[in-house]
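User: Could you take a close look at the pockets of this protein for me, with a little of what lies around them? I would like one connected account, with the cut-offs spelled out.

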Amino acid sequence: MSAPADTTDTKEIPEATVLFAGDSGDGMQITGSQFTLASAYAQNDLATLPDYPAEIRAPAGTTFGVSAFQLHFGAEEVRTPGEKVDLLVAMNAAALKVHLHRVRPGGTIIVNVNAFEEKDLTKADLDQNPLTDGTLDDYQVQEVPLTEITREALSDTDLSLQKVDRSKNMFALGLALWMYSRPVEPAQEWIREKFGDKPAIRDANLTVLEKGFHYGETVDAIGTRYEVNEAAMAPGTYRAVRGAEALALGLVAASVKSDLRLFYGSYPITPASDILHELSEHKNFGVITFQAEDEIAAATSALGASFGGDLGVCATSGPGVALKTETIGLGVMTELPLVVIDMQRGGPSTGLPTKPEQGDLLQAVYGRNGEAPLPVLAATSPGDCFHTAYEACRIAAKYRTPVLVLADGYLGNGSEAWRIPDTDTLPAFDVDFETEATERTMHKDQDGNDQFLPYVRDPETLARAWARPGTPDLEHRLGGLEKEHQTGNVSYDAENHQKMVEIRAQKVQNVTQDIPPTQVYGHSDGDLLVLGWGSTKGAIEEATERAVDQGRRVGSVVLRHVWPLPADLGDVIDRFDRVLVPELNNGQLIRVLRDQYPNRDFTPLNKIQGRPFRAEEIVEKIGSLLGRPAPA
C-alpha cells in the first residue's frame with residue numbers, strides 16, 4: 001500500500017519534527033523507530049531523540065511513566081532532533097501534559113480522546129481537562145477515539161483486550177505516516193517479520209496500521225497533508241543507524257582491518273547494554289562477547305584478552321567507569337591496548353540513567369590514581385560513533401595504551417541517516433607483533449642468558465614491543481608494579497620511576513601526530529569561537545549557521561579528540577576574540593582548556609537537565625556575549 005503520489009491538499013515543506021508520546025507500555029519507541037525507518041526509505045536526512053522513563057514500570061497514566069520518541073526529518077541537512085514540534089501524538093493525558101510545551105504555536109496535536117476520562121486526568125495530576133479548558137486554543141487539535149477504533153477493528157479476533165489495546169500504537173503510526181506522505185511498506189514488512197510466528201498478533205497489527213492510514217484519507221477534519229522531498233545527500237548507500245549500533249560496527253571493522261580477534265567484555269548497564277546486544281549478532285566475524293558478573297570482571301577480561309593478543313574492549317555507563325578504574329590503570333602500567341566505551345548518563349550515582357549528560361569528561365581525563373594518562377575520544381553524532389570506535393581501536397593498538405571513548409545516551413539511542421563507509425577507505429590498521437628474537441628486542445641478563453625486552457620502544461610512537469604469550473624465546477612477565485626501562489623487571493628505583501612516568505605521558509601526547517588539522521565551521525576567525533565536544537556538535541553547528549546568517553563573525557569547533565588536545569587548537573583559539581564553551585555538565589572541558597591555555601578567557605554555557613542543547617539556547621548566549629544587535 002503506497003501513499004498517493006499527488007493529492008490536491010498536499011503541502012510541500014522542507015522539514016518537520018514529530019513527537020510520539022504515551023505510556024511506557026504504549027510502544028512509543030517502536031512507533032518512532034518505524035516512522036524513522038519510513039523516513040529513511042523516503043530518503044530524508046533525519047535525527048532522532050528517544051526519551052525513556054527511568055522507572056522500569058511506572059504506574060500507567062502517570063507523568064513519570066511517559067515514554068517519547070522525537071524525530072526531525074527533512075529535505076535539507078538535519079543536525080539535531082528538532083526544537084519545536086510540528087506534530088505531537090499524545091496517547092494519554094499525561095503525555096500531553098509532559099510534552100505540550102515542546103509544540104510550536106499552530107502545531108498539530110493528535111490526542112487519543114479515549115484516554116482523557118476523569119481517572120486519566122487524576123493520574124496525570126490535572127485539575128481540568130485540557131481538551132475543553134482552552135489550554136489547546138493555540139494549536140490544531142485532532143481528537144481521535146484511537147482506543148475505540150482499535151477495539152472495533154479487532155472485535156472479531158480472539159485476542160485479549162490487553163493485546164488489542166497494545167496494537168493502538170500502530171493506528172497512530174499509520175495516521176502519522178499518511179499525514180507526512182511516508183511509505184507504509186517498511187512498517188508492514190517489519191510487522192510480518194517481527195510477528196511471523198504469531199499470526200494473530202501479526203494480522204492484528206497490520207489491520208490497525210491500515211486503519212490508521214486510511215483514517216487520514218477519509219476524515220476531512222485532519223486537514224492538510226505534508227510532503228517532504230528527498231534530501232540532497234552525497235552519493236552512497238545509506239541506512240538509519242543508532243549510535244550503539246554504529247559503535248559495535250566500528251569495533252567489528254577495526255577487528256577485521258587489523259586482523260585482531262575482537263573480545264568484548266560487558267556487564268549490563270543502561271544505556272551501554274545495546275552495544276553488547278549488537279555485537280552478539282556478529283559471531284560470523286569471530287567476535288567473542290562475554291557477559292561478566294560485574295564491571296570489574298568485564299574490564300579485566302578485556303585486558304586479559306589484549307595480553308593474549310586480541311583486541312580487548314569493554315563498555316559501561318556512568319558509575320561503571322569508576323569500577324573499571326583500577327583495571328584501566330593496570331592497562332596504563334602494562335601498556336596494553338584496551339578500549340573502554342563510556343555511554344555517559346546523568347549522575348552522580350544512579351542519577352538519571354535514561355537521560356544524557358556529558359558528566360564524565362574529567363573522570364576520563366584525570367580519574368585514576370597516580371600518573372595514568374590515556375587518550376580520550378568523544379563521538380559527535382550517532383554515525384560518527386562508527387569512526388570514533390574504529391579510531392580508538394587503532395590508537396590503542398598503535399600506541400599500546402588504554403583509550404576511553406565518550407558517548408552518551410543521546411547518541412547511543414538516537415539515530416541518523418548514515419552513509420555506509422567503504423571499508424577500503426578506512427585508515428590503515430596494521431599491527432606488528434614481535435614474533436622472533438631480534439637484536440633490538442633481546443639482551444643478555446646478568447647470568448648471560450638471552451632475555452626479551454618487552455619495554456623496548458618504537459622511536460616514533462614510544463609504544464612498547466607487543467608479543468603474544470607463548471611465542472618461543474619471547475617469554476616475559478607483566479604486572480601492576482613499576483617496570484624497569486626496557487627489561488620490564490620490577491623496579492623501585494626513583495630515577496627509573498620518574499623516567500617511566502614521563503615516557504608514558506609523552507607516549508600519549510604523541511597521539512597528536514595522528515590527529516588531523518582542526519576544521520572550523522563558519523568563519524575561520526572573528527568575534528567568537530564556539531568550542532565544544534562530543535554530542536553537542538549538531539546544536540553547535542546549527543547555532544553557528546544561524547549566527548553567521550545574522551551577520552556575526554562566528555566559528556565553531558567540536559572536538560572528537562578530547563585528550564590530548566589537537567596540536568593546532570591553540571592557534572585556532574587565538575584567531576577569535578572570545579570563546580564560548582557549551583557543555584552538558586557544570587563545566588568540565590572548560591577546566592581542561594583553562595589548564596592548557598591559561599592566558600585565554602573561556603565563557604561557559606552549562607546545561608544539566610538530562611536533555612541535549614537546542615540551537616536557539618546557544619544562539620541566545622552568542623547574542624548576549626557579543627553585546628550588540630545582529631545587523632539587518
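Analyst: Happy to. Strand S3 (45-51), helix H14 (384-399), helix H15 (409-413), strand S16 (415-419), helix H17 (537-549) and strand S21 (554-559) each give at least two residues to the lining of the largest pocket. Helices (H or I, at least four residues) and strands (E, at least two) are DSSP runs numbered from the N terminus. S16 makes the largest contribution to this lining, with 5 residues.

A word on the model before going further. It is a predicted one, in which local features need pLDDT of at least 70 and side-chain atom pairs count only at pLDDT 80 or more, while totals for chains, interfaces and linings use all residues. Residues are numbered from 1 along each chain as its sequence is written, and side-chain values use heavy atoms, with hydrogens and water left out. The chain has a mean pLDDT (the predictor's confidence in each residue, from 0 to 100) of 94, and 98% of its residues reach 70 or more. Over residues 1-8, however, the pLDDT is below 50, and this stretch has 14 contacts in the model beyond near neighbours in sequence; a contact means heavy atoms within 4.5 Å. Where pLDDT is low, the predicted coordinates should not be read in detail.

Back to the largest pocket, which holds about 1,200 Å³ of space. On a 1 Å grid over the protein atoms alone, a pocket is an open set of points with protein on both sides within 12 Å along at least five of seven lines, a cavity is a set where a 1.4 Å probe fits but cannot get out, and lining residues have an atom within 4 Å of a point. Grid points are joined across faces, edges and corners, and a volume is the space filled by probe spheres set on the points. The lining of the largest pocket has 48 residues, and Thr380, Ser381, Asp384, Lys537 and Glu541 lie nearest the centre. By class, this lining has 26 nonpolar, 12 polar and 10 charged residues. Here Ala, Val, Leu, Ile, Met, Phe, Trp, Tyr, Cys and Pro count as nonpolar, Asp, Glu, Lys and Arg as charged, and the others, Gly among them, as polar.

The second largest pocket has a volume of about 930 Å³. Its lining comprises 35 residues, with Gln29, Ser33, Gln34, Arg242 and Glu245 nearest the centre. Two or more lining residues come from each of helix H1 (28-41), S3, helix H7 (185-194), strand S9 (238-242), helix H10 (273-279) and H15. H1 gives the most, with 7 residues. This lining divides into 14 nonpolar, 12 polar and 9 charged residues.

S3 and H15 turn up once more at the largest cavity, where each supplies at least two lining residues. The structure holds 3 cavities of 30 Å³ or more, and the largest cavity has a volume of about 80 Å³. Among the residues that line the largest cavity are Leu49, Pro50, Asp51, Gly409, Tyr410 and Asn413. Its lining has 5 nonpolar, 4 polar and 3 charged residues.

Tyr410 also leads to Thr80, in the loop between strand S4 (66-74) and strand S5 (85-90). Leaving out residues up to four places away in sequence, Thr80 touches Ala47, His72, Tyr410, Gly538, Ala539 and Glu542. Thr80 counts as buried because its relative accessibility is 6%; buried means under 20% relative accessible area, exposed over 50% and partly exposed in between (1.4 Å probe, protein chains only).

Now to the packing of H7 and H1. The buried residues of H7 are Pro186, Ala187, Gln188 and Ile191, and they pack against H1, helix H6 (168-179) and helix H8 (199-218). Rings of Phe, Tyr and Trp (its six-membered ring) pair if their centres lie within 6.5 Å, with planes under 30 degrees apart counted as stacked, over 60 as edge-to-face and the rest as tilted. The count comes to 11 aromatic pairs. Phe35 and Tyr180 form an edge-to-face pair, 6.5 Å centre to centre with 85° between the planes. This pair links distant parts of the chain, 145 residues apart: Phe35 is in helix H1, and Tyr180 is in the loop between H6 and H7. Both Phe35 and Tyr180 are buried, and they belong to an aromatic cluster with Phe20, Phe73 and Tyr226.
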